[in-house]
Every structure is written in C-alpha cells, then in structure tokens.
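Student: Hi, I'm new to this one. Could you walk me through it?
Tutor: Sure, let's put it up and take it piece by piece.

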Amino acid sequence: MATVYLDHAATTPPDPAVLAAMRPYQEDRFGNPSSLHAAGRAARAAVEAAREQVAGALGCDPLEVLFTSGGTEADNQAVKGIAWAAREAGRGGHLVTTAIEHHAVIESAEWLAGHAGFEVTVVPVGADGVVDAERLLAAVRDDTALVSVMAANNEIGTLQPLADIGPALADRGVPLHTDAVQAFGRVPLDLDGWGAGALALSAHKFNGPKGVGVLVLRRDLAATPVLHGGGQERGVRSGTLNTAGIVGCGRAAALAAARLPDEAPRLAALRDRLLDGLLAVDGVTLNGSRRRRLPHNAHVAVAGCDGEALLCALDAGGVAASTGSACQSGAASPSHVLTAVGAPQDRAHIRLTCGRTTTPADIDRAVDVFTDSVNRLRDAGGGFV
Ligand code: PLP
C-alpha cells in the first residue's frame, strides 16, 4: 500500500505542471539571465515572467519580488538586511520578534545581537501559540529598527494577528517582516492590510522546487545586502539566478493562488476529519489554537507515548508524519515552539499536515494507523528510552 504522506509542512510534492515548466530551463534553455545574447535574454524573459506570476499571486509590484535560494535566505536577508540599513539610517538597533519564529528568523536576530550590537526583545506567545498584538506593540520602542512576526507557525500552525500589528507599526514608522513560508497557498496573504514591508516564501512548501524562495521587499524599504557579488536582484541579492527554479516557483505560485479559494476549505475539511479522529483517542490533546490555525495542520500531544517511537510506528504503518518540526529533526529536546506554549514534555508531539495530494481515504487510514500505533505502544510501555 502506498505511503500516506502527511508531512506537507516539511515539504510538498512538486506539481507535474511545475516540473514541466522547469524542464526546458534545465536543458536547452540554459542561458544566464544576465547575459545579453539571445540565450540570456530568453532566460531573463522567463525569470521576469515568473516574477510577475509571484507578484500577481501576492498582489504586489513585480519590482518588489526578489528571488532567493529559499525561505531561510529570505528571512536572513530581511532580518539582517533591514535591521542593518535602519541602524545606518539612524533608526536604532532594537529588534522585536516572537518566541515561536522559525530558526531562520530567531537565529538571524540572535546573530545581530551577538555580533553587531543589536538588542532583541522576544515576545512570548499564549498557550494557544498566538501572540497578543497589544503585548507585541508594547515592546516596540522609538529605536526599534524592525519587527518580525511569522504569518503562520510551521509546527503548531497558529495564525498570527498581523492585521492588528502591521498597521500600528506603520503608524510608528517601524517596518514589519513576516515569514509567510507556511501561510502561502493555505490562507490569503494581505500584504497591504498587514502593512508588511517584507515577506518570505519558499517554493517547496507550495508544490514548487526546493532551493528557491522569494523575498518581497517593498520599494521604499532599504535592506543592506547579505550576499555580495554581481548585484543581481535590485542589488540586494547577488548570485546567478536559478532560472529553472525561479520558473518553477512562479508557476507554483500562480497555481497556488488560483487554487486557494477551493483548496483552503478542502484542506480544512480534511484537517477537521483528521483532528476529530486523533482527538477521539484517549489521552490525545490539541497543540495550538483550534480557531486560529492553518487549514492543513493537525498537531497533537499523546500521553503515554514517546515521540520518536510513535513516529517510527506511524512510519512502519505507512504514514509519514513529523514530531515537532522537520527542520530540526534528529533533535531529541523539545522544540522552542512547544516549549514556548508550555507543552508537556512527558508525551509525544506529532504533526500531521495535509496537502494537494491528500484524500479523505488517506485521512481515515492515518487515523486507523495512529489509533493502532498508540494502543500498541502504550501496551508495550510507551516506547520511552
Ligand atoms: N520559515 C518557515 C516558517 C519554515 O517552515 C521553513 C521551512 O521549514 C523555512 C522558513 C525555511 O525555508 P527553506 O526550507 O526554503 O529554507
């Protein structure tokens, strides 16, 4: 029986239309988009078409779309670059972020604190994984150079109240960066309503290729480059453009935006069916908010079971899931997100995330395998080491 893949927050299967669009740029259309000859111009045209597709999907100006090597680089460039430029412009050296950001944001901020004299305020979240907008805004000071709040969390799927945060920051002239890597293609993104100055995406999270991402950088927002070199991408992100990846990213973004109105409720119905099944098992509770939640994310705590043992049992039963976050798989300690929401450490924490390829039959099978795995593991003592 085929594996039921429920780890779409870790990565998604590339869409066949995306692969088909990319292929010519990995074969005969190999020109460098910076070259002036015909092969270069053909590649450049493809890159600019992809830029327009991403801009169209996000409702921004194509000039504001910068291609990167992924979400990690987009977050690094946003946090380090905007903070650096703001301080140079005399704005100050203070950053505000939340306790559940992706490591790409948290560690960029920590790097600035450790190596460049910035001060960082990390605002806690509630037990539901949602940051309180007033509390966050109260942390902003006259010398705040940047606020970074993710649109949606990659582990517990919580959606942050950006509409209550961004406009208030804009009134104070403080830029907002948001990591929308998990949110794009799953919930509508409202760049204007959020007053976001910068936003990060990663193509492999929306059925595009790995190794390509997007930094939306508003035209009026300065960012010092992190990568120096040939001055591509408005001089902010040097490096020969990954034409095939960018073409795939553009195609995937257009598809995700077009599908969103149907896909979001379809995913939410699958997630609810999944959550109902998981929570019907004794000693299983929800992590994160039920209401403010990505439509594809189920994340549960399971009493009486070890996380890795349960993950292995699910895998053996043909269900691909994740404990905590795949970005740090192999780490035995609880993730910073689960710690921030006060999740009990003596139980398994399992994330199951649906996607384009998920069917109701997949959900029913996953619930059966989960129920059986939990019962068998508990009978055997929980699998604790
Ligand atoms: N931000 C979030 C919220 C993510 O979930 C991830 C990947 O898991 C990233 C950033 C990093 O993106 P990439 O894998 O493209 O480097």
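Tutor: We'll talk about the ligand, then a glutamate, then some salt bridges; keep in mind that this is a predicted model.

Student: Okay, ligand first. How many residues surround the ligand, and which are the closest?
Tutor: The ligand has 14 residues around it, and the closest are Gly71, Thr72, Asp179, Ser202 and Lys205.

Student: What does threonine 72 do there, in terms of distance to the ligand?
Tutor: One of the polar atoms in the side chain of threonine 72 sits 2.6 Å from a ligand oxygen. Lysine 205 also has a polar side-chain atom 2.6 Å from an oxygen atom of the ligand.

Student: And which ligand atom does aspartate 179 face?
Tutor: For aspartate 179 it's a nitrogen atom of the ligand, 2.6 Å from an N or O atom of the aspartate side chain.

Student: How much of the ligand's accessible area does the protein cover?
Tutor: On its own the ligand has 390 Å² of accessible area, and the protein covers 89% of that.

Student: Which helix gives the most residues to the shell around the ligand?
Tutor: That's helix H3, residues 71-88, which contributes 3 residues.

Student: New topic: glutamate 101. Where is it?
Tutor: Glutamate 101 is in a loop, with strand E3 (94-98) on one side and helix H4 (103-116) on the other.

Student: Is glutamate 101 buried or exposed?
Tutor: Glutamate 101 is buried, and it has no salt bridge. The nearest side chain of opposite charge belongs to arginine 292, 12 Å away.

Student: So what polar atom does its side chain sit by?
Tutor: A polar atom of the glutamate 101 side chain is 3.0 Å from the backbone nitrogen of methionine 150. Leaving aside residues up to four places away in sequence, glutamate 101 touches Ile106, Ser148, Val149, Met150 and His336.

Student: You mentioned salt bridges. How many are there in the whole structure?
Tutor: A search of the whole structure turns up 20.

Student: Can you show me one?
Tutor: Try glutamate 263 and arginine 266: their side chains form a salt bridge, with N and O 2.9 Å apart. Both residues are in helix H8 (residues 243-279), 3 residues apart, or about one turn of the helix.

Student: Why does glutamate 263 count as buried?
Tutor: Because its relative accessibility is 7%, and buried means under 20%. Its partner arginine 266 is at 29%, so arginine 266 counts as partly exposed.

Student: Got one that links separate parts of the chain?
Tutor: Yes, aspartate 272 and arginine 290, whose side chains meet in a salt bridge at 3.4 Å, N to O. Aspartate 272 is in helix H8 while arginine 290 is in the loop between strands E9 (284-286) and E10 (297-302), so the pair ties together parts 18 residues apart in sequence.

Student: How accessible are aspartate 272 and arginine 290?
Tutor: Aspartate 272 is partly exposed at 27% relative accessibility, and arginine 290 is partly exposed at 37%.

Student: Which residues are linked in a network of salt bridges?
Tutor: Arg44, Glu48, Arg51 and Glu233 are linked that way.

Student: Last one: where does alanine 170 lie?
Tutor: Alanine 170 belongs to helix H6, residues 162-171, and it counts as partly exposed at 46% relative accessibility. Its C-alpha atom is 9.2 Å from that of tryptophan 194, and those two residues are 24 apart along the chain.

Definitions and conventions
Residues numbered from 1 in each chain as written. Predicted model: local features only at pLDDT ≥ 70, side-chain atom pairs only at ≥ 80, totals over all residues. Heavy atoms only, no water. Helix = DSSP H or I, 4+ residues; strand = E, 2+ residues; numbered from the N terminus. Buried < 20%, exposed > 50% of the residue type's maximum accessible area, 1.4 Å probe, protein only. Lys, Arg positive; Asp, Glu negative; His and termini not counted. Salt bridge = Lys/Arg side-chain N within 4 Å of Asp/Glu carboxyl O. Polar contact = N/O pair within 3.5 Å; in protein donor to acceptor, adjacent residues only side chain to side chain. Contact = heavy atoms within 4.5 Å. Near = heavy atom within 4 Å. Areas by Shrake-Rupley, 256 points an atom, 1.4 Å probe, with all protein chains shown as cover.
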